[in-house]
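Subject: Structure handover

Hello,

Here is the structure we spoke about. Please open it alongside this email.

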Amino acid sequence: MADGGGSGEAAAARASPAPVPGLNPTLGWKERLRAGLAGTGASVWFVAGLGLLYALRIPLRLCENLAAGTSSLISGLIFVFEWWYFHKHGTSFIEQVSVSHLQPLMGGTESSISEPGSPSRNRESETSRQNLSECKVWRNPLNLFRGAEYRRYTWVTGKEPLTYYDMNLSAQDHQTFFTCDTDFLRPSDTVMQKAWRERNPPARIKAAYQALELNNDCATAYVLLAEEEATTIVDAEKLFKQALKAGETIYRQSQQCQHQSPQHEAQLRRDTNVLVYIKRRLAMCARKLGRIREAVKIMRDLMKEFPPLTMLNIHENLLESLLELQAYADVQAVLAKYDDISLPKSAAICYTAALLKTRTVSEKFSPETASRRGLSTAEINAVEAIHRAVEFNPHVPKYLLEMKSLILPPEHILKRGDSEAIAYAFFHLQHWKRIEGALNLLQCTWEGTFRMIPHPLEKGHLFYPYPSCTEMADRELLPTFHHVSVYPKKELPLFIHFTAGFCSSTAMIAILTHQFPEIMGIFAKAVLGLWRPQPWASSGFEENTQDLKSEDLGLSSG
């Protein structure tokens with residue numbers, strides 16, 4: 001089940017005793033055996049296949065067949081490689097090579113070369129910019145704590161929930177938010193600038209302690225320790241409160257000096273980012289510890305005090321907390337402000353709007369009754385809201401309906417991708433379950449969206465066409481043990497089906513010919529005889545032709 005696969009594992013991780021920070025816990029013999037079997041599974045199957053071939057080498061005359069059927073073997077290997085490449089990368093290797101390398105040699109470059117000001121050139125640049133914006137990766141507004149949640153999950157399961165690519169993006173975010181050009185003026189900030197660039201977590205934690213030795217009021221050092229060293233949410237909250245005290249002092253000092261030089265303005269922006277980050281994480285700590293009204297108050301104050309920082313998507317944290325309070329009127333008020341055509345959409349916005357409209361009709365909804373009397377106006381609005389949400393992100397319903405198991409959400413998400421679907425369902429599945437009949441209505445109607453957009457990569461209904469780059473980006477963001485959801489499902493090209501049939505039939509004919517040469521010889525003669533013209537038919541035709549020619553010439557055979 002999805003809930004047990006994702007939230008259950010996270011709860012187990014939070015409930016388990018934490019080992020000493022900085023030390024790798026010792027796994028039990030069952031865990032080590034399971035991990036070893038998982039890592040050597042491919043090798044075991046490979047060795048088993050070689051052993052089977054060795055055992056059957058005499059009955060199947062593999063040595064003779066290999067010597068005589070080299071071309072069939074090579075064709076089979078090409079097919080296996082082609083299937084593996086398509087399964088991993090989602091495209092045909094031969095097709096990709098043909099388009100990339102053979103087409104220019106055959107004259108395809110002439111059509112691709114255009115003048116800088118030509119319309120085709122402008123269309124290409126516009127398309128490339130659109131693809132770039134579609135593949136933009138966003139920071140997950142509900143990302144978990146590394147030490148208190150992600151690392152505890154690793155201690156319990158032995159799996160790494162974060163990928164290197166995801167953590168590298170977080171390191172870039174930290175350097176953007178928490179550093180500036182004036183860090184050299186304060187020794188503690190210089191140490192922290194190096195700390196955010198460190199890849200090794202123990203080295204980052206050590207650098208944070210060094211910064212605190214130089215300056216006991218270094219807010220970013222407390223932030224790093226709260227994120228990565230604290231093993232519980234309570235410990236993280238204590239460190240964030242220390243960071244808040246230091247951050248407010250530095251922020252007030254920066255406000256007084258902001259007009260002195262451009263460097264001081266940059267320092268104020270950095271200190272503002274630090275203060276907003278600390279308050280937001282404190283609100284998330286309060287939400288996780290059950291103090292939801294306190295979390296809502298902190299988030300509302302943040303949105304009022306720093307309205308330009310809308311790109312942090314604090315309203316998505318507020319929506320989730322208000323849903324937990326079941327304050328649906330307040331949720332609708334937030335949606336009225338942020339579910340605007342001029343603002344970027346998200347799965348949280350679209351699916352929360354669908355949930356509110358579903359809530360009004362889901363309790364009495366019945367597919368049988370609706371098929372007899374038709375849908376009411378409220379039900380039509382709810383179904384249209386579900387279709388809108390599914391068109392924006394078609395991966396979410398499988399997690400809400402527990403057709404796929406959940407994992408811990410990554411620190412970054414790709415909008416309309418599988419990573420965003422995981423991040424949304426991980427926190428909002430409980431809100432859909434709380435409303436009676438909501439999941440039933442979703443299950444009955446979500447697949448109808450795909451009939452409205454038969455070609456989602458070419459044309460959308462309410463949104464832009466679905467971006468084709470989500471699969472590759474999600475594979476970089478999500479761990480390898482998760483099966484990435486792909487939309488729309490890719491079918492194997494006709495070329496691969498043809499290659500599979502041709503290679504299989506050629507190999508089978510070669511093996512049968514070497515095993516049963518007499519029978520295959522008779523079969524080959526019979527097949528060739530069907531295509532060869534009969535002798536009696538051709539001779540009779542020639543005799544009739546000669547008789548006609550003689551009569552036409554007036555000659556007699558006597």
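Below is what was found, from the whole chain down to single residues.

Overall picture

This is a predicted model. The protein chain has 29 helices and two strands. Of its 558 residues, 41% are buried. Contacts reach far along the sequence: among those between residues at least 6 apart, 70% join residues at least 24 apart.

Cores

The largest nonpolar core holds 97 residues. Which of them touch the most other members? They are Met192, Phe240, Ile278, Tyr351, Leu400 and Trp432. Helix α15, residues 262–288, gives the most to this core, with ten residues. A second, separate core has eight residues, including Tyr150, Leu408, Phe426 and Phe427. As background, nonpolar side chains tend to be buried together in soluble globular proteins.

Tyr351 deserves a look of its own. Beyond its neighbours within four places in sequence, Tyr351 contacts Ala389, Val390, Asn393, Val396, Pro397, Leu400, Tyr424 and Trp432. Two of these partners, Leu400 and Trp432, are also among the core residues that touch the most other members.

Helix α9

Helix α9 covers residues 146–157 and is mostly covered, with nine of its twelve residues buried. The buried set is Arg146, Gly147, Ala148, Glu149, Tyr150, Arg152, Tyr153, Thr154 and Trp155. Tyr150 in this set is also a member of the second core. Just after α9 comes Gly158, with a positive phi of about 80°.

Two helix pairs

Two packed helices are described by the angle between their axes and the distance between the axes.

Start with α19 (residues 347–359) and α23. They pack at an angle of about 25°, and their axes are 10 Å apart. An angle under 35 degrees counts as roughly parallel, so α19 and α23 are roughly parallel to each other. Their crossing is right-handed. On the α19 side, the contact uses Ala347, Ala348, Tyr351, Thr352 and Leu355. On the α23 side, Glu420, Tyr424, His428, His431 and Trp432 take part. By class, the contact has six nonpolar, three polar and one charged residues.

Now take α21 (residues 377–392) and α24 (residues 438–445). Here the angle is about 70°, with the axes 10 Å apart. The range for roughly perpendicular is 65 to 115 degrees, so α21 and α24 are roughly perpendicular to each other. This crossing, too, is right-handed. Ala382, Val383, Ile386 and His387 of α21 meet Leu441, Leu442 and Thr445 of α24. The residues of this contact divide into five nonpolar, two polar and no charged.

Asn393 and Ser419

Asn393 sits in the loop between α21 and α22. Is Asn393 buried or exposed? Its relative accessibility is 0%, so Asn393 counts as buried. Leaving out neighbours within four places in sequence, Asn393 contacts Ala347, Tyr351, Arg416, Gly417, Glu420 and Ala421. Ala347, Tyr351 and Glu420 also belong to the contact between α19 and α23. The C-alpha atoms of Asn393 and Tyr487 are separated by 9.4 Å, though the two residues are 94 apart along the chain.

Ser419 is found in helix α23, residues 418–434. Ser419 also has 0% relative accessibility and therefore counts as buried. Not counting residues up to four places away in sequence, Ser419 touches Pro410, His412, Ile413, Leu414, Asp474, Leu477 and Leu478.

Positive phi outside glycine

Glu402 lies in the loop between α22 (396–400) and β2 (412–414). Glu402 is not a glycine, yet its phi is positive, near 60°. With 25% relative accessibility, Glu402 counts as partly exposed.

Arg416 is another such case, with a positive phi near 75°. The place of Arg416 is the loop between β2 and α23. How does its accessibility come out? The relative accessible area of Arg416 is 9%, and under 20% means buried, so Arg416 is buried. Arg416 is also one of the contacts of Asn393.

Where to look

Three places make a good tour. Begin with Tyr351, which is in the largest nonpolar core and in the contact of α19 with α23. Move on to Asn393, in contact with Tyr351 and Arg416. End at Ser419 in helix α23.

Best wishes

Key. Residues numbered from 1 in each chain as written. Heavy atoms only, no water. Core = buried A, V, L, I, M, F, W, Y, C linked by side-chain atoms within 4.5 Å. Buried < 20%, exposed > 50% of the residue type's maximum accessible area, 1.4 Å probe, protein only. Helix = DSSP H or I, 4+ residues; strand = E, 2+ residues; numbered from the N terminus. Contact = heavy atoms within 4.5 Å. Axes fitted to C-alpha atoms, helices over the stretch in contact; angles between N-to-C directions. Parallel < 35°, antiparallel > 145°, perpendicular 65-115°, else oblique. Left-handed = near helix turned anticlockwise from the far one by under 90°. Nonpolar A, V, L, I, M, F, W, Y, C, P; charged D, E, K, R; others polar.
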